[in-house]
Amino acid sequence: MCAKCPGIGIAGWANNLLESLVDAVLNLRLSLQSLGSDLLVEEGASKDILLKLAKEVGATDIITEEEVDQGRIELISSVYKSLSNLSVKGKPVEVTQYRLSLYETEGLGALTESYKDFQKLKTHVALPMAPPTFLPPFPEGVHRGNVPSLNELVTVSKRLQAESPWAESLGRHPASILLEGELRLAENSANSELWGLKGVFTWRANYLSASPFDESQKRRKKLSDKVHKEEEWVLRGGEIETLNALHSYLKFLEAAVTDDSVKLYRAVWMTESRPGTSFRELFGTSLALGMLSWRRVYQVALEYQRARSGGFLSLLSSTCFTIAAAIAEAQSNQWHRLLALKSREEAKNKGWHSRTWIWRGFFIQYTAHGEQGQAVVLVHGFGAFWEHFRQNIKELAKMQKRVWAISLLGFGKSEKPNVLYTELLWAELVRDFIMDVVQEPVSLAGNSIGGYIVALVAGLWPSLVRSLILLNPAGRVIPEYASCKYLKPTKNSGVAWIGSRFLLLYLQTQCRDTLKKCYPINSSRADDWLLREVLRASYDPGAIAVLESLFYLRAPLPLNFFLDRYDAKVLVIQGAKDPLQNSLQKANMLKAYCKNVSVALVNSGHCPHDEIPEEVNGIIYNWLATV
């Protein structure tokens, strides 16, 4: 077996993540050795290594898991092309892919894109495969290679990061840290009670960690006297250690408090920014590195759930929040994985390119069109998706632009994990998309909250953005924003839970009317397709987490705070008939208080790019010609 050295994939990784990688590879080697085989460790281009290895051992088959990430798909494709003309012992070398999913489906043809319909199919859930009892011996004469040490990986990671064009001017610093520095610069008087975002985020962490979710309140109280100033908990070791940690996590309410489990339990409550968010925070790395599978997570969690319910499962079963989180995340992740595969095929049949990018372990869907010209990235508004730019993407590509459009985390067909969604999280997503996928500075365009997010990206990481286009952007314009105060999130998690569900029900039942109101000039554009896609996403597992996050968050920094920190050109395309904001007032305030902003007032509602696409495409094209 062969494990390719991570190479460019580890650029800028934190030391604890690199240490987990070393643990995972060492554990894999030991496991293979115990079965009579070994792990081959090589460094270099995958296709070159596999070609060389196939020749050395006389292999006629290369077997790999079916991928959804576009970068990995292209890698497998390049390997296949390299091997297409190779024959070993007179036989062609074949590349075979297998699908390892929680759900056992017979191909993608019959798979629906609706989670509601998918649930009705009652698709069989696959159990983890039994481990082999032996493996064929390692080929003689093949050098096994050495697993890199932590120090070696740290050196490679730093070197790769330094080679990045963004290394010195950018890095991947969290948005919250950069905001802290910007807010300090904005302070203009000792009497101004400013945000001081370090204090804000410290307060938020303290508040969220102390929020008394019903099932964990007693556990936290019991642990409070035992836990003091321990280091941050990081999962170490291989498969056995990971499974032991999973068992302890699932038994959060029952397990005795021991010295070995205290740090894990402390980490659970410290990462519970909302009920269940701790699972991906604590086990995301193990899942990404292959030390834990979603099938195993689902099986073990279900076994504990049955044990708590006397051997039965029902709607009335008592569920520990950690068990519920593990099961829900497994279902959500694996559904969105199938959805990524299905949507890729569906889009291809309709002349689109639906692609998936794995960001922090989450499936992010996007599209890309155009072969030459300026790079343009489009970001949708709340409740929308990349397909909302249906009349802009190909048209701009025909105008000699290379166009990307992304569905943000929690929207469209992108994954909807149980995390606390914030404007900072989405901004970091867009930043990393530009760096990892586009790989060059872009003209960045966004509608509604997408407009606010792209302004945030431009203000914090201006070297990534050649120009900025805001289409009816969300966000306030406040002349003297230095005196703004941060409004604390609500302290009642029950209000968030109940309110988000009522809001979701309202949006689902009133979706058609709401869409029509956003298209006052050309209501026919709020068609059945748009309604169907918005509703489809609202039923995806995890969709409620996005709405629930809204109840935790309050007034963000004003829009002009970020525009003032961006020196290049900004175009605002403002629909004059927007029912969600006072368009004329906002346009005038942007022109009055932002030095680099030009405003194009158009006859449309909240989504000018979709309501009057021909006019907006022309405005964007002419604007980009001046950049």
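Is W294 buried or exposed in this predicted model? At 12% relative accessibility, W294 counts as buried, because the cut-off for that word is anything under 20%. Keep that residue in mind for the opening view.

**View A. F279 and W294 pair up across two helices.**
Let's start with the rings: F279 and W294 make a tilted aromatic pair, with 6.0 Å from centre to centre and 45 degrees between the planes. F279 belongs to helix 11 (residues 278-288) and W294 to helix 12 (residues 294-308), so their pairing ties together parts that sit 15 residues apart in sequence. What about F279, buried or exposed? With 0% relative accessibility, F279 counts as buried. This pair is one of 20 aromatic pairs in the structure.

**View B. W352 meets W386, and K394 joins in.**
Here's another tilted pair: the rings of W352 and W386 are 5.6 Å apart, centre to centre, with 55 degrees between their planes. Both partners come from loops, and the pair links distant parts of the chain, 34 residues apart. You'll find W352 between helix 13 (321-349) and strand 7 (354-359), while W386 is between strand 9 (374-379) and helix 14 (393-398). W352 is buried at 17% relative accessible area, and W386 counts as buried too, at 3%. Now look for the lysine: the charged end of K394 sits over the ring of W352, 4.4 Å from the ring's centre.

**View C. Four rings make a cluster.**
Which residues are in it? Ring pairs join Y103, Y115, F118 and W335 into a cluster.

**View D. An arginine lies over a phenylalanine.**
R565 is positioned over the face of F561, and the distance to the ring centre is 3.9 Å.

**View E. K342 is a buried lysine in helix 13.**
K342 is part of helix 13, and its relative accessible area is 7%, so it counts as buried. Who keeps K342 company? Once you set aside neighbours within four places in sequence, K342 is in contact with L108, G109, L111 and E113.

**View F. Strands 7 and 8 form a hairpin.**
Two residues separate strand 7 from strand 8 in this hairpin. In the turn, R360 has a positive phi of about 55 degrees. The two strands pair in the antiparallel sense over six bridges, with strand 8 covering residues 362-369. To find your way around, try T356: its bridge partner in strand 8 is Q365.

**View G. Strand 8 also pairs with strand 10.**
Strand 10 (residues 401-406) and strand 8 are antiparallel, and four bridges connect them. A handy landmark is T367, which stands opposite A405 in strand 10. As a reminder, strands of a sheet pair through backbone hydrogen bonds, either parallel or antiparallel.

**View H. Eight strands build an open sheet.**
Zoom out a little and follow the strand order, 7-8-10-9-11-12-13-14, where the pairing is mixed. Which strands are at the edges? Strand 7 and strand 14 (597-602) are the edge strands, and each of them pairs on one side only. On average, neighbouring strands of this sheet are turned by 25 degrees against each other, direction ignored.

**View I. Helix 22 lies across strands 13 and 14.**
Helix 22 (residues 583-593) lies across both strand 13 (570-575) and strand 14. Compared with strand 14, this helix runs at about 160 degrees.

Key:
Residues are numbered from 1 along each chain as its sequence is written. This is a predicted model: local features need pLDDT of at least 70, side-chain atom pairs count only at pLDDT 80 or more; totals for chains, interfaces and linings use all residues. Side-chain values use heavy atoms; hydrogens and water are left out. Rings of Phe, Tyr and Trp (its six-membered ring) pair if their centres lie within 6.5 Å; planes under 30 degrees apart count as stacked, over 60 as edge-to-face and the rest as tilted. Buried means under 20% relative accessible area, exposed over 50%, partly exposed in between (1.4 Å probe, protein chains only). A charge sits over a ring if NZ of Lys or CZ of Arg is within 6 Å of the ring centre and within 35 degrees of the ring normal. Two strands pair if DSSP finds at least two bridges between them. Axes are lines fitted to C-alpha atoms, for helices over the stretch in contact, and angles run from 0 to 180 degrees between N-to-C directions. Contact means heavy atoms within 4.5 Å.
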